[in-house]
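Colleague: I have a model open and would like to learn how to read it. Can we go feature by feature?

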Amino acid sequence: MFKLFFLLRSYFTVSTSFPIGTSLLFVISVLILFPLQSSAKEHGCISCHAGIEGIREDSSAMMMQIKAMGAQHGDSEGCVICHGGDPTANEKELAHKGTPASMPETGPREFYPDPGSIWIAEKTCGQCHPGYVYRLERALMNTEAGKIQGNLHTFGIKEVQNHNVPWGNYDVTDSDGKTPSVGTKEYKNYMEAMLAAHPKQFPSELKMVPQPSVEEIEKDPKLSGFTYQRQQCQRCHVGVNGREKRGDYRGMGCSSCHILYSNEGYYEGNDKSINKDEPGHMLTHRIHGTREAGGIPVETCNSCHNRGKRIGVTYQGLMEFPYGSPFDESGNKQPKLHTKKYLFISDDLHHQIASRPENPKGGMLCQDCHTTIDMHGDGNIPGTTLAQVEIECQDCHGTPDQYPWELPLGYGEEFDKPLSEKARGLSKTALPSAAMGTLYDAKDGYLLTARGNPFGNVVKDGENIIMHSATGNDFKVPVLKALATSGDWKSPDAMVAMSKVEKHADTLECYACHATWVPQCYGCHVKMDYSNDKNGKPMQDTDWVASGNSRTSDGQTAESQVGSKGIKSPGKAFETRSYLRWEEPVLGINGEGRVTPLMPGCQVLFTVIDRKGKTIAHNETGRSYDEAKEIGQKRAPHGFDMAPVQPHSAQRQARTCESCHNNPKALGYGIAGGIFQTRYTENVIEDLIDQKTGKPIPKRYQIQISKIKDMDFDWSTIVNDKGEQVQTVGTHWPLSRSLPKQTRDAMERTGLCMGCHREMSNAELWKKVSTKGSLNDDQHIELMNKMLKAYAEIMKK
């Protein structure tokens, strides 16, 4: 019977894309297997877990299958299908010991506390979702290969120079070859070509990121970057549980996303065996993912996406800040979330759709845009986010000249290469995996991603594009060509910027203008301390890589048990920053060759204290000799990384023309052109100073601000007054860099006011063209428009 079920599931999943296939599978499997419940024992696991919620509602096809399958093994509730264990045992120790021999199709299995654990998921989730575990093991949510490469680059680790990606959280090999294991024929062809063009960004294997000994670190202090990496940066991967801090609680593997945990981490279900006063438990025993099961809330994604590029909290409009104001009703500062305090700036327009009268129920979830490949990977090993994510804004919104289906594949990620003129079209069928979720009517066809896969939830319906959200809402997508055709632009600025200045659409990311703010945490000052703490014991902290690589056969890792801290390693990180900003992001070039916002990625400046308490490295960073060669300059940029980013902070009202064209910061020259914070290269002493010699008068004084060797620029500056790139811009792709001189010169329009106002010194002339009082912005614009038209008349003559 068990084998019959899998044969039916396999046939209908692979051989048909129609809803009837899935329905028949459900009906046939239930009709065949469900009657066997009559022989099941009355209570099973529920004798201890009375009141626990079904993983899905009883009426769902998923739950009916699970119960029918479980009934064959003496478990009418189906718990054993996912958790293993022995439902016939009367004692907890025996029930949680292992699966009885009555399951010959799968063989004896242990009890799995978290069936979603990636380390045993082939035996649990993989029963009904084949291939997902293999893909996820190699995807970025598990390997974090790009994060490791980027951060260690700032420390000057040679193995990650020249875009090399040697390490991940675990040893992993692309054992099935370079052709993706999922996707359409067009997608697979596209990715094979992409892998051939960018082999470094798609490694064939990864080794576990190493941890040098303290002795080795004391000889070469930059190796402390490995300790920092493993302790501070690697906790957000699906091979381990979340950190036990407010907002960071989550499961592991599939449960990282599909099982909800509240920020507080308390269980709020009805299972009396679970401690409701102990943080670290799921919210309820219920799986999420599809529209029917309930979508995955944004805050679930944010249990990881709150650090690094911070795209999760940014999407919600939040940016960390140190103050914690305003006070609450009890006079306290705000509670820490993800160990930080937050300022609300403005959430992404896709998140704030609730404010629109036609969409009163709420905004979009992360999963509404991001595809199964974006999340789970495609079976290859991506070395960076760009290598794995297959979507572009234009996939749904098109351009002012072309509807999405008229665009060629690859539009938006050209990599400085010409694209085919062939239109990508629409798809009448969804990917086979859609049969396991919500299958929406294709209408006129499913829209395609930039790499050729159908969006299973975005369809063309007559003149409209409809996005079906996992929230249960359906949204009408604004289409740029429709706006251009109707002339229904919301402002003349939008019409000019998006439709008339063609180079914008051809060379800019949409969010280069629409992301009006980006979290900018300038200066990541890291102290790695290997000395003793105040109790005389060597400092140490959780090593998330070691913890994930220390696991038991039931899928649990060293930190899985609530209250445990995992495996510790020597040394402890202390972090601070220089300053924070959010407004007017710096612009640069991303790996696709398009203009994009930049944000301080890993602007690491490290100080290292040895076991004896001696400072063996003080305010140091690596150098990007590889980038210097690529951009053709002698000066090697500092290892500080200004990272190209899709910040997820898009607003309806985009940046003004002036915020880029009349803004030195946007061009890369730094805040106010880099004229501030110019004394980094010297120790700043604030005391009684002899104004003749510049030396302190007292003999006993302290250095107020320590120097940073060779840092002759402000943290926000990536191009100095000599035109040299002084910071790294992205570490993953050859094309990422600061705006080239030609682009900066073409963009910069700073100081144009003097084109007219210099004549204020000519009293006779100025009297002829001026009026008393002052002009507001609209009057200025109208006056310049009259001047342009007058000039046009003169030119006619």
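Colleague: Where is the place of Ile345?

Modeller: Start with what flanks a residue. Ile345 sits in the loop between E5 and helix H15 (366-369). Keep in mind that this is a predicted model.

Colleague: How far apart are Ile345 and Leu318, in sequence and in space?

Modeller: Read both distances together. The two are 27 residues apart along the chain, and their C-alpha atoms are 6.0 Å apart. Then look at contacts. Leaving out residues up to four places away in sequence, Ile345 touches Gly317, Met319, Trp517 and Trp582.

Colleague: Trp517 is in that list. What does Thr314 touch?

Modeller: Thr314 is also in contact with Trp517. Its other partners beyond four places in sequence are Lys309, Ser346, Asp347, Asp348, Pro519, Pro647, His648 and Ser649.

Colleague: Which helix holds Thr314, and is Thr314 buried or exposed?

Modeller: Thr314 lies in helix H14, residues 311-315. Its relative accessible area is 0%, so it is buried; the cut-off is under 20%.

Colleague: Which backbone oxygen lies 2.7 Å from a polar atom of the Thr314 side chain?

Modeller: That of Arg310. For a buried polar side chain, look for its partner. Here the partner of Thr314 is a backbone atom.

Colleague: Let me try another one. Where is Ser117, and is Ser117 buried or exposed?

Modeller: Ser117 is in the loop between helix H5 (92-95) and helix H6 (132-138). Ser117 counts as buried because its relative accessibility is 0%.

Colleague: What does Ser117 touch beyond its sequence neighbours?

Modeller: Met252, Gly253 and Gly555, once residues up to four places away are set aside. Gly555 also supplies a polar partner: its backbone oxygen is 2.6 Å from a polar atom of the Ser117 side chain.

Colleague: How far is Ser117 from Pro734?

Modeller: They are 617 residues apart in sequence and 36 Å apart in space, C-alpha to C-alpha.

Colleague: What joins the side chains of Ser255 and Asp114?

Modeller: A polar contact of 2.6 Å. In this case both partners are side chains. Ser255 touches Gly116 as well as Asp114, not counting residues up to four places away.

Colleague: Where does Ser255 lie, and how much of its area is accessible?

Modeller: Ser255 lies in helix H12, residues 255-258. Its relative accessible area is 6%, so Ser255 is buried.

Colleague: How do I read burial along a whole helix? How many residues of H11 are buried?

Modeller: Count residue by residue. In helix H11, residues 224-233, 10 of 10 are buried, and the helix is mostly covered. The buried residues include Phe226, Tyr228, Arg230 and Cys233.

Colleague: Why do residues three or four places apart in an α-helix point the same way?

Modeller: An α-helix has 3.6 residues a turn, so residues at that spacing point the same way. In H11, Ser224, Gly225, Thr227, Gln229, Gln231 and Gln232 are among the buried residues too.

Colleague: Now the backbone. What is the value of phi at His338 and at Phe415?

Modeller: Check the sign and the residue type. Phi of His338 is near 55 degrees, a positive value in a residue other than glycine. Phi of Phe415 is also near 55 degrees, again positive outside glycine.

Colleague: Where are these two placed?

Modeller: His338 is in the loop between E4 and E5. Its relative accessible area is 0%, so His338 is buried. Phe415 is in the loop between helix H18 (394-397) and strand E6 (445-448). Phe415 is buried as well, at 9%.

Colleague: Which peptide bond is cis, with omega near 0 degrees?

Modeller: The one from Ser325 to Pro326. Pro326 is found in the loop between strand E4 (318-320) and strand E5 (342-344).

Colleague: Last, the whole chain. How many helices and strands does the chain have?

Modeller: It has 30 helices and 20 strands. The radius of gyration is 29 Å, close to the 28 Å from the globule rule for 797 residues, so the chain is as compact as a globular protein of that length.

Colleague: What share of the residues is buried, and what share of contacts is long-range in sequence?

Modeller: Of the 797 residues, 49% count as buried. Among contacts between residues at least 6 apart in sequence, 67% join residues at least 24 apart.

Conventions. Residues are numbered from 1 along each chain as its sequence is written. This is a predicted model: local features need pLDDT of at least 70, side-chain atom pairs count only at pLDDT 80 or more; totals for chains, interfaces and linings use all residues. Side-chain values use heavy atoms; hydrogens and water are left out. Helices (H or I, at least four residues) and strands (E, at least two) are DSSP runs, numbered from the N terminus. Buried means under 20% relative accessible area, exposed over 50%, partly exposed in between (1.4 Å probe, protein chains only). Contact means heavy atoms within 4.5 Å. A polar contact is a pair of N or O atoms within 3.5 Å; within protein, one must be able to donate a hydrogen and the other to accept it, and residues adjacent in sequence count only if both atoms are side-chain atoms. The radius of gyration is taken over C-alpha atoms; the globule rule is 2.2 Å times the number of residues to the power 0.38.
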